[in-house]
Amino acid sequence: MHFKYCPECGSKLTAKEIGDEGLVPFCEECNRPLFDMFSCCIIAAVVNEYEEAAILRQNYISTKYYNLVSGYMKPGETAEETAMREVQEEIGVSMESLTFAGTYWFGKKDMLMIGFIGRAKKMELALSEEVNRAEWVPVTEAIHMVHPKGSISYTLLEKYLEGQNP
């Protein structure tokens, strides 16, 4: 989000030089800079002991491709807490371990996605209302069922297959 008006007092912002940041929207009334904001989300490749990944279909995202568990961070949560919570909420799985895999900018929605690879025991998946379908699929097959090469889901599964797995 790019600020044009101060969210505190409503004044129109001006551009002010702020150190190394260059020109930044600035409220003269409140005497403070207002840096652009964006959402932070997690995305997790959950893999079980049989080398199967939990992939899900959420029709509001795509009716053609599957995706991995993802979700928005809540204020006060760490990225790791968010990943554990989202996996539990969306597919009913408690992860045994979680490894940071990288950060990814998703420009289509102006969000920073923090990627993880998680390990969990295979169990029946319990779906939230926002998940239309989910299943355990061998990682070697799952990579061809998610959005094409270059997507974040594809990249995380590719990292797992390349041996960057926990």
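Let's start with the largest pocket of this predicted model, which holds about 590 Å³ of space. Of the 22 residues that line this pocket, the ones closest to its centre are Ile61, Ser70, Phe106, Lys109 and Met113. If you sort the lining by chemical character, you get 10 nonpolar, 7 polar and 5 charged residues.

Which parts of the chain build this lining? Strand 4 (39-47), strand 6 (69-72), helix 1 (79-91), strand 8 (111-119) and helix 3 (152-161) each give at least two residues to the lining. The largest share comes from strand 6, with 3 residues. Two of these contributors, helix 1 and helix 3, deserve a visit of their own.

Begin with helix 1, and find arginine 85 on it. Which residues does arginine 85 meet in salt bridges? One is glutamate 77, where the closest N and O atoms are 2.6 Å apart. Another is glutamate 86, at 2.9 Å from N to O. A further one is glutamate 89, with the closest N and O atoms 3.2 Å apart. Together, Glu77, Arg85, Glu86 and Glu89 are linked in a network of salt bridges. The count for the structure comes to 6 salt bridges.

Take a closer look at the pair formed by arginine 85 and glutamate 89. Both lie in helix 1, 4 residues apart, which is about one turn of the helix. Here a general rule helps: an α-helix has 3.6 residues a turn, so residues three or four places apart point the same way.

Are the members of this network buried or exposed? Arginine 85 has a relative accessibility of 16%, so it counts as buried, the cut-off being under 20%. Glutamate 77 is buried as well, and so is glutamate 86. Glutamate 89, by contrast, is partly exposed, because its relative accessible area is 40%.

Now move along to helix 3. In this helix, 7 of the 10 residues are buried, so helix 3 is largely enclosed by the rest of the structure. You can pick out the buried ones by name: Ile152, Ser153, Tyr154, Thr155, Leu156, Leu157 and Tyr160. What do they pack against? Their partners are strand 4, strand 5 (52-57), strand 7 (97-106), strand 8 and helix 2 (139-142). Strand 4 and strand 8 should sound familiar, as both also help to line the largest pocket. Just after helix 3 you reach glycine 163, which takes a positive phi of about 95°.

That positive angle leads us to the backbone. Most residues other than glycine have a negative phi. Two residues here are worth finding with that in mind. Asparagine 31 has a positive phi, near 55°, and sits in the loop between strand 2 (23-27) and strand 3 (32-33). With a relative accessible area of 56%, asparagine 31 is exposed. Glutamate 51 also has a positive phi, near 60°, and its place is in the loop between strand 4 and strand 5. Glutamate 51 counts as partly exposed, at 34% relative accessibility.

Finally, how confident is the predictor? The chain averages a pLDDT of 94, and 98% of the residues score at least 70. Among the elements of the chain, strand 1 (residues 14-17) has the lowest mean pLDDT, at 95, while helix 1 has the highest, at 98. As a reading habit, remember that where pLDDT is low, the predicted coordinates should not be read in detail.

Note on methods:
Residues are numbered from 1 along each chain as its sequence is written. This is a predicted model: local features need pLDDT of at least 70, side-chain atom pairs count only at pLDDT 80 or more; totals for chains, interfaces and linings use all residues. Side-chain values use heavy atoms; hydrogens and water are left out. On a 1 Å grid over the protein atoms alone, a cavity is a set of points where a 1.4 Å probe fits but cannot get out, and a pocket is an open set with protein on both sides within 12 Å along at least five of seven lines; lining residues have an atom within 4 Å of a point. Grid points are joined across faces, edges and corners, and a volume is the space filled by probe spheres set on the points. Ala, Val, Leu, Ile, Met, Phe, Trp, Tyr, Cys and Pro count as nonpolar, Asp, Glu, Lys and Arg as charged, and the others, Gly among them, as polar. A salt bridge is a side-chain nitrogen of Lys or Arg within 4 Å of a carboxyl oxygen of Asp or Glu. Buried means under 20% relative accessible area, exposed over 50%, partly exposed in between (1.4 Å probe, protein chains only). pLDDT is the predictor's confidence in each residue, from 0 to 100. Contact means heavy atoms within 4.5 Å.
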